[in-house]
Amino acid sequence: MIKAAIMGYGTVGSGVYEILDGNAEVVAGNAGQEIEVKYVLDLRDFPDHPHPEKFIKDFSIIENDPEITVVAEVMGGTGAAYEFTKRCLLAGKSVVTSNKALVAKHGAELIAIAKENNLNYEFEASVGGGIPIIRPMVQCLTANNMLAITGILNGTTNYILNRMIREGISFDACLKEAQALGYAEADPTADVEGHDACRKIAILSDLAYGKNVATELVETEGISKITLRDVDYAEQAGCVVKLLGRAVLNEDKTIYAFVAPHFVSKSSPLACVDGVYNAILTTGDMLGDAMFYGQGAGKLATASAVVADMIDCVIHSKNRRRLGWVDDGENIVRPLDSFASRWYVRLTGEDAAAKLSEAFPGAQLLALDGVTGEAACLTGELTTAEMQAKKQALGTVAGSMRLL
């Protein structure tokens, strides 16, 4: 029997306990032996829990108990979670996590410590919730050079944009609705400003390209400036608006890595990903496109990925799983100035259509019935630097997005 500990008993932590308890026979069958939760670390009391004796407040109990061989870190953040994870690994315990902030910031270091101690540090649930993507990246897709990764990586923003598109509800109203339903936090900044998606595309880039991609180098723009007018122009152009995290490989092995709202053609498989669902589209030089789709968040969806990693740690307790990347100081992220895209541009003011035609020769003009004093267009390919110069010269650009 394997003795395990759970650090954090919030939404995901309680889900991990529920699966290990309720699906004990399934877990044991797949792991080859039972996995029993010996401790649950949390600062709160849970007197109504069926096993309140399992709850502890002192991390050192886990650290110093030689029976504990697998630990699930589902605390969140990069403070205590980082310290406790590091100490667990140094104490000879494999660790699994759903903590994308921790993996994005300290993943290379924690993976190195795990390797030095012949342990596993696994994080399937850190990207895409219950969607299997980490393991396919390091197993099924490794015969490919990963030319691109394009993902809808945040369920909250996808829900908001979907409601704007389907129901014609403003961003602010959709955000309040998402908060009322529990899809968005009281402080939604990490979601709506793209920080959550930034961490996830950084982790996927780390895995795909083998080098540490610092989140500070991933240019990030959220959805808080998207209006219903942008949504309407997208519909006219045969597109929908989606927040995408993207990594694109260059011939010199550098990458472009960024998060931004896009006009996505309705012919793309990403266009029909609705609600709180996530999808990651990978493009390999041999395989071509492969898309991974499913629930990107939620108690049991995320917890199922955490428990799967715990099972994997048990199976590979004697032969460490090859998983990770190196942080050797090399920066492979190229600034976006030279990255070329087609663009959507919306301009306000008199003669907006004429000004757009002059600024972007050959552009496809868009117009909405009954709307005056503005116009929009879809441009040909322009680099980011070229687009910034055009926008500065035009002066009254109300909105712009890349096309996919």
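Which residue forms a salt bridge with Asp42? Select Asp42 and look for Arg44: the two form a salt bridge, with their closest N and O atoms 2.9 Å apart. Keep in mind as you go that this is a predicted model.

While you're here, colour by accessibility. Asp42 is buried, at 12% relative accessible area, whereas Arg44 is partly exposed, at 44%.

**Next stop: Arg87 and Glu63**

Now select Arg87 and Glu63. Their side chains meet in a salt bridge, 2.6 Å from N to O. This pair links distant parts of the chain: Arg87 sits in helix H4 (residues 80–90) and Glu63 in helix H3 (residues 59–63), 24 residues apart. Is Glu63 buried or exposed? Glu63 counts as buried, with 18% relative accessibility, because the cut-off for buried is under 20%. Arg87, at 27%, is partly exposed.

**Over to the strands: Arg346 and Glu374**

Select Arg346 and Glu374 for another salt bridge, this one 3.4 Å from N to O. Here the link runs between strands: Arg346 belongs to strand E14 (residues 343–348) and Glu374 to strand E16 (residues 374–378), with their positions 28 residues apart in the chain. Arg346 is buried, at 7% relative accessible area, and Glu374 is buried too, at 15%.

**A network to pick out**

For something with several partners, select Glu122, Glu124, Arg135, Asp309 and Asp312 together. Salt bridges that share partners join these residues into one network. Across the model, the count comes to 25 salt bridges.

**Last stop: Arg402, without a salt bridge**

Finish with Arg402, in strand E18 (residues 397–403). Side chains of opposite charge can pair when their charged atoms come close. So why does Arg402 have no salt bridge? Its nearest side chain of opposite charge, Glu219, is 6.2 Å away, and a salt bridge needs the nitrogen and the carboxyl oxygen within 4 Å, so this pair doesn't qualify. Arg402 is buried all the same.

What does the Arg402 side chain meet in a polar contact? Show Ser341: the two side chains are joined by a polar contact of 3.0 Å. Then bring up the other residues that Arg402 touches, leaving aside those up to four places away in sequence. Among them are Phe258, Phe263, Phe339 and Trp343, along with Pro261 and Leu336. His262, Arg342 and Thr384 are on the list of contacts as well.

How values were computed
Residues are numbered from 1 along each chain as its sequence is written. This is a predicted model: local features need pLDDT of at least 70, side-chain atom pairs count only at pLDDT 80 or more; totals for chains, interfaces and linings use all residues. Side-chain values use heavy atoms; hydrogens and water are left out. Helices (H or I, at least four residues) and strands (E, at least two) are DSSP runs, numbered from the N terminus. Buried means under 20% relative accessible area, exposed over 50%, partly exposed in between (1.4 Å probe, protein chains only). Lys and Arg count as positive and Asp and Glu as negative; His and the chain ends are not counted. A polar contact is a pair of N or O atoms within 3.5 Å; within protein, one must be able to donate a hydrogen and the other to accept it, and residues adjacent in sequence count only if both atoms are side-chain atoms. Contact means heavy atoms within 4.5 Å.
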